[in-house]
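Please take a moment with the sequence and the model below before reading on. The paragraphs that follow go from the overall fold to a single helix, and then to particular side chains.

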Amino acid sequence: MTINSCQLKANSYWLLNVEMQDFRNVKVWEKAHNLTLLVYQLTMNFPREELFGLRTQLRKTCVEIPAYIAEGCGIRPLSAHCFEFCQSV
């Protein structure tokens, strides 16, 4: 199957004019955010020796999950695809 230049321009135009979705309305972001809150609660009582070790790594990693989802939903050409995919999770 070949794509001619008119089809490519039409597809590019459509992708660039897709409205960005609010990441807070995406189910997978909400689940990741709730996981982050839970990890912060669970690691609050970690031993003092783990203040800059395991505790920090768990929190840092957990925060990155919803942040990456939000970032992905903010990319205009991928926003519709991201929103549809994340809503299905």
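**From the fold to one buried arginine**

Read from the N terminus, the elements of the chain follow the order α-α-α-α, and this predicted model accordingly contains 4 helices and 0 strands. Of the 89 residues in the chain, 22% are buried. Among the contacts with a separation of 6 or more, 67% are between residues 24 or more positions apart.

Helix α2 is a convenient place to begin looking in detail. It comprises residues 27-43, 17 residues in total, and spans 24 Å from its first C-alpha to its last, which is close to the 24 Å expected at 1.5 Å a residue. Within α2, the buried residues are V28, W29, A32, T36, V39 and T43. These residues lie on the same side of α2, because the arc they cover around the axis is only 100°. A general property of the geometry is helpful here: an α-helix has 3.6 residues a turn, so residues three or four places apart point the same way. On the face of α2 turned away from its buried side, one finds the exposed residues K31, Q41 and L42.

H33, which also belongs to helix α2, falls between these two classes: its relative accessibility is 31%, and it therefore counts as partly exposed. Although H33 and I65 are separated by 32 residues in sequence, their C-alpha atoms are 8.1 Å apart in space.

Towards the end of the list of buried residues in α2 comes T43, whose relative accessibility of 2% is why it counts as buried, the limit being under 20%. The side chain of T43 reaches the backbone oxygen of Y40 at 3.4 Å. Once neighbours within four places in sequence are left aside, T43 is in contact with R55, L58 and R59.

The last of these contacts leads to helix α3, residues 54-73, where R59 lies. Which side chain of opposite charge is nearest to R59? It is that of E50, but at 11 Å away, and R59, though buried, has no salt bridge. What the side chain of R59 does reach is the backbone oxygen of Y40, at 3.2 Å, and the side chain of T43 reaches the backbone oxygen of Y40 as well. Not counting residues up to four places away in sequence, R59 touches V39, Y40, T43 and M44, and of these V39 and T43 are among the buried residues of α2.

Definitions and conventions:
Residues numbered from 1 in each chain as written. Predicted model: local features only at pLDDT ≥ 70, side-chain atom pairs only at ≥ 80, totals over all residues. Heavy atoms only, no water. Expected span 1.5 Å × (residues − 1). Buried < 20%, exposed > 50% of the residue type's maximum accessible area, 1.4 Å probe, protein only. Arc of directions from axis to C-beta. Lys, Arg positive; Asp, Glu negative; His and termini not counted. Salt bridge = Lys/Arg side-chain N within 4 Å of Asp/Glu carboxyl O. Polar contact = N/O pair within 3.5 Å; in protein donor to acceptor, adjacent residues only side chain to side chain. Contact = heavy atoms within 4.5 Å.
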